[in-house]
Amino acid sequence: PEFDHVDADADLGQQVGARRVLVGEQQLGDGPAAELPACEQGAREAVAHALALDPACAPALVERAALARGDGETAIALAALEQLTNLLPQQAPFWHDLGTLRAESGDVQGARAALERALALSPGNADARFRLANLDATAGDRVAAIGGYRRCLAARPGWREALFNLGELLL
């Protein structure tokens with residue numbers, strides 16, 4: 001059936017909302033596992049309809065990235081996040097997610113660039129700082145990693161992972 005923009009937006013919102021409720025219920029151990037695949041298929045169809053009408057539909061791109069990431073389709077998730085950062089370059093969360101996924105896929109240079117952009121847009125983003133410190137530690141740059149973890153702890157005192165990683169470097 002033909003969808004106009006209003007119908008596509010409404011369908012996308014309804015399908016994505018239903019999917020997020022089921023995912024949340026499953027994470028809490030309360031969700032019916034059998035319903036999730038059908039719900040995710042509905043979300044995929046809604047995303048496809050929305051993007052067919054408007055390839056720059058940010059809500060659909062966000063959901064496409066989430067669905068693809070959940071399915072292990074890293075290339076599709078990366079493409080959606082890259083499109084989001086091009087469409088909305090001042091949105092730190094998209095840069096953060098792009099950097100995180102690039103790091104997970106082994107693109108250290110791309111991850112660093114995206115995470116630094118997220119941090120420039122949102123200087124208080126302790127998680128982006130933590131991920132950059134992890135990249136430094138993995139690269140063997142102890143001085144930069146130690147400084148990064150210390151800045152993380154200044155922003156979020158008592159952060160276990162940052163404390164543990166810092167302690168490992170200081171031993």
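The exercises below, each with a worked solution, concern helix packing, salt bridges and two residues of helix α5 in a predicted model.

**Exercise 1. Packing of α6 and α7**

Task: Determine how helix α6 and helix α7 are oriented to each other, and state which residues make the contact.

Solution:
- Step 1. Two packed helices are described by the angle and the distance between their axes.
- Step 2. Helix α6 covers residues 108-121 and helix α7 covers residues 126-139; their axes come within 9 Å and cross at roughly 150 degrees.
- Step 3. Angles over 145 degrees count as roughly antiparallel. The two helices, α6 and α7, are therefore roughly antiparallel to each other.
- Step 4. The crossing of α6 and α7 is left-handed.
- Step 5. On the α6 side the contact is made by V108, A111, R112, L115, E116, A118 and L119. On the α7 side A128, R129, R131, L132, L135 and D136 take part.
- Step 6. Sorted by type, the residues of this contact are eight nonpolar and five charged, with no polar ones.

**Exercise 2. A salt bridge between helices**

Task: Find where in the chain the partners of the E82 and R102 salt bridge lie, and decide whether each is buried, partly exposed or exposed.

Solution:
- Step 1. A search of the whole structure gives five salt bridges.
- Step 2. In one of them the side chains of E82 and R102 meet, with an N to O distance of 3.3 Å.
- Step 3. E82 belongs to helix α4 (residues 74-87) and R102 to helix α5 (residues 92-104); the two are 20 residues apart, and the pair links distant parts of the chain.
- Step 4. Buried means under 20% relative accessible area, exposed over 50%, and partly exposed in between. E82 has 31% relative accessibility, so E82 counts as partly exposed. R102 has 16%, so R102 counts as buried.
- Step 5. Apart from residues up to four places away in sequence, R102 touches L78, E82, D107, G110, A111 and A114. The salt-bridge partner E82 is thus among the contacts of R102.

**Exercise 3. Salt bridges within a helix**

Task: For the pairs E116 with R112 and D127 with R131, give the distance between the closest N and O atoms and the spacing in sequence.

Solution:
- Step 1. E116 and R112 form a salt bridge in which the closest N and O atoms are 3.9 Å apart. Both residues lie in helix α6, four residues apart, about one turn of the helix.
- Step 2. E116 is partly exposed because its relative accessibility is 42%. R112, with a relative accessible area of 23%, is also partly exposed.
- Step 3. D127 and R131 form a salt bridge with closest N and O atoms 2.7 Å apart. This pair sits in helix α7, again four residues apart, about one turn of the helix.
- Step 4. R131 has a relative accessible area of 30% and is partly exposed.
- Step 5. Salt bridges with shared partners join R112, E116 and D136 into one network.

**Exercise 4. The surroundings of H96**

Task: Which helix holds H96, is H96 buried or exposed, and which residues is H96 in contact with beyond its neighbours in sequence?

Solution:
- Step 1. H96 is part of helix α5.
- Step 2. Its relative accessible area is 12%, so H96 is buried.
- Step 3. With neighbours within four places in sequence left aside, H96 is in contact with L115, A118, N125, D127, A128 and R131.
- Step 4. Among these contacts are D127 and R131, the two partners of a salt bridge.

Key: Residues numbered from 1 in each chain as written. Predicted model: local features only at pLDDT ≥ 70, side-chain atom pairs only at ≥ 80, totals over all residues. Heavy atoms only, no water. Axes fitted to C-alpha atoms, helices over the stretch in contact; angles between N-to-C directions. Parallel < 35°, antiparallel > 145°, perpendicular 65-115°, else oblique. Left-handed = near helix turned anticlockwise from the far one by under 90°. Contact = heavy atoms within 4.5 Å. Nonpolar A, V, L, I, M, F, W, Y, C, P; charged D, E, K, R; others polar. Salt bridge = Lys/Arg side-chain N within 4 Å of Asp/Glu carboxyl O. Buried < 20%, exposed > 50% of the residue type's maximum accessible area, 1.4 Å probe, protein only.
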